[in-house]
Structures are given as structure tokens and as C-alpha cells.
Amino acid sequence: MEKIHATKGRIMRASFKLFLENGYHNTQIRQIADESDAVTGSIYHFFRNKEDILRSLIQPIFDKQYEVCHDSVSVDESPLMQYLVACGVQLAMCQKHTHLHEIYYLCYTSDELCNEIIESQTEHLQKCLAYYRSNLTHGELFLRCAGITGAMRNYLGSGIIYKDIDVMDRTVAYASICLHALDIPEEEVARLLRCLNGYRRVINDLSDKLIHEISALM
């Protein structure tokens, strides 16, 4: 059993390394087998296909994203600010790292992976909204998270992410969509957006840190 887990771990580490170095689409199963010192049959024993390998890597990436951003926002601030900063960091990382951008974009365009993101985001935002004593039901929040996730997918579109648009302009515009979708009071929306603009350096520095930590994650 220990040997089986070790083999699966090698495959995941090798896949992540190749995805970051060469890009997801440019990485073949044969290359993963060579890099992980595993036979192709072993890969298909653990994973249905290449997307299934990516699926196993996504949650650690998102967990690391929130972990790195956790201490960047004052404990006295709304928990939504931590979420908005994390979104800004994600957008900044994707603008800086082509292959990481490809991974994120694939997550938001794959039906299966995107659904997992929506479910995870619903749970996370439900905790954030407790701060505001929101009346949104879980089902209502899930539907709004689906819309918010669609907005992130569009903001990560390759035709947008590499245009000469300031990352904070993109972050604040996305944050505005999120806050209005969550029925946050207008005065609070304006306050949060003003405060978010003050996190420019934090978002830039955290995106550099997270790129480094994600690269070493596996």
C-alpha cells in the first residue's frame, strides 16, 4: 500500500512540474510517465486522463492561495476583504505566469472542475457572509457563485489577461461584480472597493510569493 501511494505521489509531482514548465496542453502522458519513473499503465490505474490528474492538484493550489492571503488583511476587517485580495492575487499570478494562467483557466472552463470551484466558493463565502448576517440561502448563494465564477472565467480569458490593463483595475472591477452579486449594502461596497485599492503592493508581493510556493508545492 505504501508503494502504491508513493507511485501516485510521484505521478502528481511530475505532472505538476511539467504543467508549470511546459504548459498543460504541451504535456503528454508519456512525458509524465518518464518524469515520474512510472509505466503508463500505472498512471491510468490512478487517473482516468490528464484532466483527472489536474483535478487532483487543484485543491492544494486553492488552499495555498487562501493560506498565503490569510494574514495579509487585518482581523478587524470584513472577511470579504481577504477573499477579494485572494482574487486579486490570483489575477496577478495569471498575468505573470503563462502556464499557471493556463492551469487556472482550464479549471474555470472544465465543467467538472468549475463545479467543484463553485461548491468550494459557496462554502467559503457563506462563512464570509455570516459577518453581514446575510439572508441568502445556500441555494441562492450557490447560484450567485456560479455567476461570480463565470465572471472570473471571463477575466482570465487569454484575450483579456495579457492586454495592457492594470491588474488592480481588473481586480476592483471583478470585486464590484462579486459584492453586488452578494447583496452587500452599497455603502459597504464603496468602502470595500476603496480599501481594496490600498492593497496594490500586497497583491503584487503575494502573487510573487505564491508563484514561488506553488512551484514548490509538490
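**Residue classes and basis of the model**

Ala, Val, Leu, Ile, Met, Phe, Trp, Tyr, Cys and Pro count as nonpolar, Asp, Glu, Lys and Arg as charged, and the others, Gly among them, as polar. The structure is a predicted model, in which local features need pLDDT of at least 70 and side-chain atom pairs count only at pLDDT 80 or more, while totals for chains, interfaces and linings use all residues. Residues are numbered from 1 along each chain as its sequence is written, and side-chain values use heavy atoms, with hydrogens and water left out.

**The largest pocket**

The largest pocket (an open set of points on a 1 Å grid over the protein atoms alone, where a 1.4 Å probe fits, with protein on both sides within 12 Å along at least five of seven lines) has a volume of about 250 Å³. That volume is the space filled by probe spheres set on the points, which are joined across faces, edges and corners.

Its lining comprises 19 residues, with Phe62, Tyr66, Ile117, Ser120 and Gln121 nearest the centre; a lining residue has an atom within 4 Å of a point. Two or more lining residues come from each of α4, α5 and α7 (111-129), helices being DSSP runs of H or I with at least four residues, numbered from the N terminus. The most, 7 residues, come from α4. By class, the lining has 10 nonpolar, 6 polar and 3 charged residues.

**Ser78**

Ser78 occupies the loop between α4 (50-70) and α5 (79-96). With a relative accessible area of 1%, Ser78 is buried (under 20%, 1.4 Å probe, protein chains only). Beyond its neighbours within four places in sequence, Ser78 is in contact with Tyr131, Tyr132, Glu188, Arg191 and Leu192 (heavy atoms within 4.5 Å).

Notes. Buried < 20%, exposed > 50% of the residue type's maximum accessible area, 1.4 Å probe, protein only.
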